[in-house]
Protein chains: 2
Amino acid sequence: MTKASNTRHTILEKAFDLIYKKSYQTTSIDEIIATTKVTKGAFYYHFKTKDEMGIAIINEIIKPTMQDTFILPLQNTSNPIEKIYQMTKFLLLENPFLKLEYGCPTGNLTQEMTPWNIEFSKVLKELVIEWQTTIEISLQKGIESQKVNNKVNPKQVAYFIMSSYWGIRNFGKIYNNTDCYHAYLKELKLYLNNLH
Amino acid sequence: MTKASNTRHTILEKAFDLIYKKSYQTTSIDEIIATTKVTKGAFYYHFKTKDEMGIAIINEIIKPTMQDTFILPLQNTSNPIEKIYQMTKFLLLENPFLKLEYGCPTGNLTQEMTPWNIEFSKVLKELVIEWQTTIEISLQKGIESQKVNNKVNPKQVAYFIMSSYWGIRNFGKIYNNTDCYHAYLKELKLYLNNLH
DNA sequence: TACAAATCATACTAATTAGTATTTTCTATG
DNA sequence: CATAGAAAATACTAATTAGTATGATTTGTA
């Protein structure tokens, strides 16, 4: 990693932290360069606009992380129902990257930037579709291997699971307490067990 | 309604529209007074700060509307399971007040203002708790009248339903298409039927 | 009708915003 | 080691922001 590409990456990481905590709109470039200790000249050498940086955060920070935590685990399992539960539990209670009071980075950005920034919507939609497709495929495979009841509709279930996840993260924010996560997880388990 | 209180209410309604569409942070007071055709002097006569207006919108616009569409229907039903489905379907597909591409007003504000504005968090939390309590009580009544299986845990189910609703509104935003609502509703029906 | 209080209008301010213009300092390569 | 281009530093701009100061109108009521 050259010094320059290191500067770029530092900006993206620190900016992500700020945006995850404070939202995109309320995070100013002056704030980003203050916390990264990078000058405005350096910032604008690497990113033509604030939005270009925002898109880069999604593609270069959020996307790879999501690949590891949302996509790969589901691709390497023969038991999607159990894996979905484990994944969700990990994401809500154990993942050090995600914080109760700040919600879900992708969910936050989706709510904030859609529909008013087409570019953001586009890359976020790609992310979401990849997640959704992965869930659907894993359930379809589960049906084929008779781990999942063949009456299950993978698309519907995918929407239901993803929605409830995004939603409960919003509840976590407002209650600022993991109790709601625990209650949610119990009900999620009951729901998932009915898919067997 | 006096002329003054009419001015106040106009500001709140128009500001709500803008904030629902564009978010709170990106809606400026100049924009609000431009669309309401009210002067800055009038605005600041009625509201000491922008945040005071924001809180007023929640208490005087969102709360009463929510009372009518989220609370009362559930209080006047003997069959909560069926009513929850009907309500959700109405909210997603028929309510003229809510728009696919703009999501859920309360969900948007929660995501945007929590945890960074304590005052907003407080009133939003009150709103959410009222909704949650209503669902729980209606399910409890349903258990007592044997419309709902007595193994059902009202608190857990309430979280699950509310979460999935907030979440699917986020999906509606990003897909900008009601297909996801229809798929979600089908799965919601299956889930709810298992509570009988 | 008079007049005090309520309501609204106008013109401002100081801070913050994203972005630019220009110069300086590195860094890789001949 | 010389030098061209990459990378970064500095100082600015124009627009927008929430909020204020002050003056002009309405409005209800004695």
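Contacts of the protein with DNA strands C and D

Mentor: In this predicted model, a backbone N or O atom of Ile29(B) is placed 2.9 Å from a phosphate oxygen of DNA strand D.

Trainee: What makes this pair with a phosphate oxygen of DNA strand D a polar contact?

Mentor: The term requires a pair of N or O atoms within 3.5 Å (within protein, one must be able to donate a hydrogen and the other to accept it, and residues adjacent in sequence count only if both atoms are side-chain atoms). At 2.9 Å, the Ile29(B) pair therefore qualifies. A side chain can also take part: a polar atom of Lys40(B) is 3.1 Å from a base oxygen of DNA strand D.

Trainee: How are the numbering and the values to be read?

Mentor: Residues are numbered from 1 along each chain as its sequence is written, with chains lettered from A and ligands numbered from 1 in the order in which they are written. Local features need pLDDT of at least 70, side-chain atom pairs count only at pLDDT 80 or more, and totals for chains, interfaces and linings use all residues, while side-chain values use heavy atoms, leaving out hydrogens and water.

Trainee: Which polar side-chain atom lies 3.4 Å from a phosphate oxygen of DNA strand C, and why is the pair counted?

Mentor: That atom belongs to Tyr44(A); the pair is counted because 3.4 Å is within the 3.5 Å limit. Polar side-chain atoms of Tyr45(B) and His46(B) lie 2.2 Å and 2.6 Å from a phosphate oxygen of DNA strand C.

Trainee: What makes a residue near DNA strand C?

Mentor: One of its heavy atoms must lie within 4 Å of the strand. Around DNA strand C there are 18 residues, with Thr7(B) among the closest.
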